[in-house]
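Open the model in your viewer and keep the sequence panel visible. The tour moves from one selection to the next.

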Amino acid sequence: MKLKSTTLRTFTTLHTWVGVVAGFALFVAFYAGAITVFHHELQAWQSPHAADRPQHSLADAQLLLDETLARHPAARKHVGMLFPGEESPHAVIYWQDEKGTWLFATQDDLQGSEKPPQAALSELINALHYSVGIPVAGTYLMGIVSLLYGVALFSGLVIHLPKLTQDLFALRPGRNLKRFWQDAHNVIGVLSLPMHLMFAVTGALLCLMLVVMLALNPLIYRSGLMAALPAVMDTAPIRSPAGESTHRGTLSMWHARSIEVALAQGQVSFEPAYLKLANAGDRNAVVEVTGQSPGALGPLGAVALDAGTGAVLATQLPGGRDANHAAIASTFALHFGEYGNAWVKALYFLMGLGGAFLFYSGNLLWVESRRKRRQVEQGRAPLNLARATVGACIGLCVAVSVAFVATQLLEMTAGSREINVASGISWACFGSWALCMLWAALRPPVRAARELLWTAAVTTLLVPIAHGAATGWWLWRSAAAGHWNLFWIDAGAIAMAFGFAALARATARRARLGEPNSVWSL
Amino acid sequence: MWARGLAGIFPGFLLSAGLVGILSWLWPGPWQATVVVGLVAFFLVWMCVIGSSFFFANGRRAWAWISGAALLLLGGLWLMQWLHWIE
């Protein structure tokens, strides 16, 4: 394929600017997203006594369900519940009150509160991932960023396509640093293109689905989309309440029945994860049990039962579901890395960090290609982009580690005094991030980069120390007791701390020995 | 640059809607059966349309061609829906 030189220039400009604009938000999305892969593990890590408390049984969960339905009339209409299991050892129940606000209750908090229990850290990291931490508007912002990300991938492919085959495995180190970074950027970009394309599409979908559906509804669906949605999204048919009360059914009956039904339909195994119960206690009550069947790209399937009798109403299980349910299950599983065992999660973590690095390297490339080689004085634009990249990207790494450390200190204090843990964690995170950006704005970029990288190394190393000191679960104790979820978070933090230290040393070496006449030299 | 990009975003949205609409209504079976697949495809199509709008030599051409194609596809879809050729 041969491109006209004007077309090539247009696409290069497009790729550069879309990349720089979206790159910052994408760095945050990928760094926080890599950690969000371990959403459930983070909740156990935050909870001071999670490791000491035995896992709930179905009987414990049944008590919570009975108590919630007795206390909260709104929950009788519609209630959701996590089965206690490997991912969430303690039962959690949630419903919408009369005003439509979601409430979460546990055995320790039967009255219910608006925040899921002991989830402040994982919620913060997740919010950074899908909205950079900005409420409401942030989600749409991330949706637009995902679209720009798609456009950047498209334009990058157009630019690189003519040379794709001969340059794919070329990595040319040497005096021409720009060529080296360009080669690295290209090879990482091409080899991880399927992953990036998947994230761009599913990311845009998750953030913008609602508004796009509202726009497409009159355009192509003759305003019939909303009426079609329940059958598209849910497994259970909607049954209006009969107004007659009857035997409500029990968790253990639903649990056992859903497994029985799934196995009868040819699943090798089925592990119930959560349920949705509509019109509890009514003769027409429906329960929908969603669970995991391993070995499918979309492992989550669902069985809908008559809550009282346990009769099957509908199923959507891997291998036997309609196109919509198969697409939903596999889209979500692909985005969240939930279609395999722990290795897939570990791979998603590494790919997330790799993605973050791709955007970081894109900015470095931007700075490098505008370097004035023959004079000490550098242009304002490269200087400012270097400052912004260092402050926002490395600053985020510092801020996330500070949030981890703050979580342990605040949870420890919360045992003896009344404090708001969730807002404390947010303040620690966004406060330290702002300080890092301020620091990067005031210092020469290369000094700021080195200092912030060392700060990131130290704060990240403090993560396992704070955890051990606050809860007694030092990582060797977690390993000995078989709490691998706790162990791997602490061990991962140590590995990342070494990574940051290595980057800090490399930056210092570049400043001393690299080519002078650059924002990265001293 | 901006004019071409905006052509990809706004008329490009309608063009992508038309493409996905025609495909999902012409597909065998009711359109409701492929709603999610259509939504996922929509984002991919829209991204490619935005990217492709930069192949046009200037903004005016991009707006004219993309708007024209969008009108054609959406018009065709609405006509077929109105005539009940597709369900």
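**Stop one: a helix in chain A**

Select S423(A), L438(A) and L442(A): these exposed residues sit on the face of α15(A) turned away from its buried side. Keep in mind that this is a predicted model.

Now select the whole helix. α15 covers residues 421–442 of chain A, 22 residues in total. How far apart are its end C-alpha atoms? They are 32 Å apart, which agrees with the 32 Å expected at 1.5 Å a residue.

Next, colour the buried residues of α15(A). Begin with I425(A), A428(A), C429(A) and S432(A), which are among them. Then add W433(A), C436(A), M437(A), W439(A) and A440(A), also buried. Look down the axis of α15(A). The buried residues fall within an arc of 165°, so they line one face of the helix.

What covers the buried residues of α15(A)? Show α5 (120–131), α14 (380–414) and α16 (445–471) of chain A, which are included in that cover.

**Stop two: chain B**

Hide chain A and select chain B. Which elements do you meet from the N terminus on? The run is α-α-α. That makes three helices and zero strands.

Turn chain B along its principal axes. Its C-alpha trace spans about 40 × 25 × 15 Å. Chain B has 87 residues, and 47% of them are buried.

Finish with the contacts in chain B. Take those between residues at least 6 apart in sequence: 81% of them join residues at least 24 apart.

Definitions and conventions: Residues are numbered from 1 along each chain as its sequence is written. Chains are lettered from A and ligands numbered from 1 in the order in which they are written. This is a predicted model: local features need pLDDT of at least 70, side-chain atom pairs count only at pLDDT 80 or more; totals for chains, interfaces and linings use all residues. Helices (H or I, at least four residues) and strands (E, at least two) are DSSP runs, numbered from the N terminus. A residue is buried if 20 or more other C-beta atoms lie within 10 Å of its own, exposed if 12 or fewer, and partly exposed in between; C-beta atoms are placed from the backbone. Two residues are in contact if their C-beta atoms, placed from the backbone, lie within 7 Å. The expected span of a helix is 1.5 Å times one less than its number of residues. The arc is that of the directions from the helix axis to the C-beta atoms.
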